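Reader: Please take a close look at one loop of this model and the sheet it belongs to. After that, carry on through the rest of the chain in one connected account.

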Amino acid sequence: MRSRLVFLVAAAVALVAAAAALAGNGPAKARGVHYAFLGQLTAPPSNGAVPITVEGGNRWALRAMLGQPVTQTFAYDSTTEFLKWSKGVPAVVQAGDLAAGDYVRVNVAAPAGATLAAIEQRPAGIVGDHGTQLYTPTQPLYLFRGTLTSVGTSTVAVHVTGGDARAMRLLIGQSADRSFAFGDETIFLLWQGRVPTVIQAPQLKTGDRIVVRVRAARGSSLAQVEATPAVHIGDREPATATEP
């Protein structure tokens with residue numbers, strides 16, 4: 001397990017500078033960043049503690065884990081939202097509804113470069129429970145963030161301002177104004193703070209911050225990604241809502 005984490009950390013560190021430049025965000029400042037730790041609960045959350053065996057996470061989380069044991073405990077308080085995900089749809093639950101052995105993603109906002117101990121002392125924003133079987137997508141994710149400019153019968157128009165490295169590579173030299181397809185299987189979520197509600201496409205609000213997630217074949221062109229129906233479209237989605 002430790003060797004797997006070390007490998008993941010090395011890969012994540014190598015991608016930090018390139019991903020930041022492509023996203024146009026530059027170096028992370030004292031404003032804080034999103035740390036996401038993925039692992040299995042060793043016991044149900046209780047008394048403000050979420051104990052997990054860490055198996056992965058985003059690049060910030062993996063850097064913080066370098067040289068640390070995989071068994072860690074994260075804090076939560078009355079502001080933490082616990083979500084149970086089922087087939088891409090989250091439901092708000094209580095800490096006691098989570099069970100040992102479930103895969104969870106613990107999302108914490110903390111300063112860039114914070115120590116693992118400091119991160120663990122900050123209450124998690126969202127703890128997402130994905131059950132005992134972790135879903136592994138068969139196709140890579142293309143994630144676009146921006147402002148919703150219009151909603152059609154089968155597409156959303158977005159002024160893209162950021163996204164993951166894979167999506168940003170496709171936008172090099174391209175207009176930031178894009179159109180993404182959606183279909184019957186697309187899940188639309190409206191976030192009010194950290195509480196999600198399932199909605200329909202006409203309920204999306206132009207001018208809102210929007211996140212479009214597309215699963216498409218590796219090496220797809222921008223046109224191919226745009227033509228592939230999105231799996232998730234999130235309105236006013238917080239950064240800590242990210243799924244595995």
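Author: Asn47 sits in the loop that runs between strand 1 and strand 2. The model is a predicted one. With a relative accessible area of 80%, Asn47 is exposed, because the cut-off for that class is over 50%. The backbone of Asn47 has a phi near 50°, a positive value in a residue other than glycine. As a rule, most residues other than glycine have a negative phi.

Ala43 is placed in this loop too, between strand 1 (33-41) and strand 2. Its relative accessibility is 27%, so Ala43 counts as partly exposed. Ala43 and Ala99 are 56 residues apart in sequence, yet their C-alpha atoms are 6.7 Å apart in space.

The strands on either side of the loop belong to an open sheet of seven strands, in the order 3-2-1-6-7-4-5 and with mixed pairing. Strand 3 (71-75) and strand 5 (89-93) are at the edges; each has a single partner strand, so one side of each is left without a neighbour in the sheet. From one strand to the next, the twist averages 40°. In general, the strands of a sheet pair through backbone hydrogen bonds, in either the parallel or the antiparallel sense.

Strand 2 (residues 49-57), which follows the loop, runs antiparallel to strand 3 and is joined to strand 3 by five bridges. Within this pair, Thr53 stands opposite Thr71 of strand 3.

Towards the other edge, strand 4 (residues 81-86) pairs with strand 7 (residues 126-129) in the parallel sense over four bridges. Here Glu81 stands opposite Ile126 in strand 7. Strand 4 is also joined to strand 5, by five bridges and in the antiparallel sense, with Leu83 opposite Val92 of strand 5. The hairpin made by strand 4 and strand 5 has two residues between the strands, and Lys87 in that hairpin takes a positive phi near 55°.

Another residue with a positive phi is Arg236, at about 60°, although it is not a glycine. Arg236 lies in the segment after strand 14. At 27% relative accessibility, Arg236 counts as partly exposed, because the class covers values between 20% and 50%.

Strand 14 leads to the second sheet to be described. Seven strands form this open sheet in the order 10-9-8-13-14-11-12, and the pairing is mixed. Strand 10 and strand 12 (195-199) stand at its edges, and each has a single partner strand, so one side of each lacks a neighbour in the sheet. Neighbouring strands in this sheet are turned against each other by 35° on average, direction ignored. Strand 11 and strand 12 run antiparallel and are joined by five bridges. In strand 12, Pro196 is the bridge partner of Trp191.

Next come the cavities. The structure holds two cavities of 30 Å³ or more, and the largest has a volume of about 50 Å³. Ten residues line the largest cavity, and the closest to its centre are Trp85, Leu189, Arg213, His232 and Glu237. Strand 11 (187-192) and strand 14 (232-235) each supply at least two residues of this lining. Strand 14 gives the most, with three residues.

That leaves the aromatic rings. Which count as a pair depends on a cut-off: the ring centres must lie within 6.5 Å. By this rule there are five aromatic pairs. One of them is Tyr76 with Phe82, an edge-to-face pair at 5.2 Å centre to centre with 85° between the planes. Tyr76 and Phe82 are both buried. Phe144 and Phe180 have ring centres 4.6 Å apart and planes at 45°, so this pair is tilted. The pair of Phe144 and Phe180 links distant parts of the chain, with Phe144 in strand 8 (residues 141-151), Phe180 in strand 10 (residues 177-181), and their positions 36 residues apart in sequence. Phe144 is buried, with a relative accessible area of 1%, and Phe180 counts as buried at 0% relative accessibility.

One further contact involves a ring and a charge. Arg166 lies over the face of Tyr142, at 5.8 Å from the ring centre.

Note on methods:
Residues numbered from 1 in each chain as written. Predicted model: local features only at pLDDT ≥ 70, side-chain atom pairs only at ≥ 80, totals over all residues. Heavy atoms only, no water. Phe/Tyr/Trp six-rings, centres within 6.5 Å; stacked < 30°, edge-to-face > 60°. Buried < 20%, exposed > 50% of the residue type's maximum accessible area, 1.4 Å probe, protein only. Lys NZ or Arg CZ within 6 Å of the ring centre and 35° of its normal. Pairing = 2+ DSSP bridges. Axes fitted to C-alpha atoms, helices over the stretch in contact; angles between N-to-C directions. 1 Å grid on protein atoms, 1.4 Å probe; cavity = no way out; pocket = protein on both sides within 12 Å on 5 of 7 lines; lining within 4 Å. Points joined across faces, edges and corners; volume = space filled by probe spheres on them.
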